[in-house]
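Work through the following exercises with the sequence and the model side by side, and try each task before reading its solution.

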Amino acid sequence: MKHIRELVLSISCFLFAFLLTMMWVQQKDENLAAGISPSLLRFHVLANSNKSTDQALKLEVKSLLVQRIQDGLSSEAGKEETCTYIREHQAELETAAEAYMQKAGYDYPAKIELTRCYFPTKAYGDVVLPCGTYDAARVTLGSGRGRNWWCVLYPQLCFINASYGIVPDSSKLLLQHALEPEEYAALFRTRGEGIPIHIRFKVLDLLNLS
């Protein structure tokens, strides 16, 4: 009975320590996100459903819209210019997306809006953006109930090679110029780096197996 109580206590302590660590890591990430989010514009696309056809369509429409937005902006355009372009060309972009989907046999509406969303931690190649609330251009296709896709519209962190997730050096340079040196450096650190966690299982101690 004593062993059982010790086992329960050990497991409880472990879970509590684990939760505290996760909360600390999340808070650290959100604090970093709060510092860098004013310089970034995320791109968020929600598919109509989780059907393979809708998921494939989501990626096709994403590519169409990203290309159109990039073609409409000068190479010197910053975040504000990007937001202004999307705001002023909202109807045009929505029409282009809907026309593409109709041609593919899907009668879905497309809605584009500038908003603020909470994003989970996401790796773009060797760049890791922390979880937190960011400005975003959000595209909803149909019901928008399918798995979503996200990237960074400004500075562009979409992959050159989708297989390897390579971030363009030009995008890293834009990102470096937009952020403070310590913020930029933090994006290349492994999630949780600097938080050594050493776990010794009390269960094994009680069973004399450690």
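In this predicted model, the bridge partner of Tyr118 in strand 5 is Thr133. Local features need pLDDT of at least 70 and side-chain atom pairs count only at pLDDT 80 or more, while totals for chains, interfaces and linings use all residues. Residues are numbered from 1 along each chain as its sequence is written, and side-chain values use heavy atoms, with hydrogens and water left out.

**Exercise 1.** Place strand 5 (residues 132-141) within its sheet.

Strands here are DSSP runs (E, at least two residues), numbered from the N terminus, and two of them pair if DSSP finds at least two bridges between them. Begin with strand 2 (residues 110-119), which runs antiparallel to strand 5 and is joined to it by ten bridges; Lys111, for instance, stands opposite Thr140. Next take strand 1 (residues 41-46), which pairs with strand 5 in the parallel sense over five bridges, with Val45 opposite Val139. The open, mixed sheet of four strands therefore reads 2-5-1-6, and its edges are strand 2 and strand 6 (148-154), each pairing on one side only.

**Exercise 2.** Is strand 5 largely enclosed or open?

Count the residues that are buried (under 20% relative accessible area, 1.4 Å probe, protein chains only). Because seven of the ten residues of strand 5 are buried, the strand is largely enclosed by the rest of the structure.

**Exercise 3.** Which helix lies across strand 2 and strand 5?

Helix 4 (residues 90-103) lies across both strands, running at about 105° to strand 2; angles run from 0 to 180 degrees between N-to-C directions, with axes fitted to C-alpha atoms.

Terms used: Buried < 20%, exposed > 50% of the residue type's maximum accessible area, 1.4 Å probe, protein only. Contact = heavy atoms within 4.5 Å.
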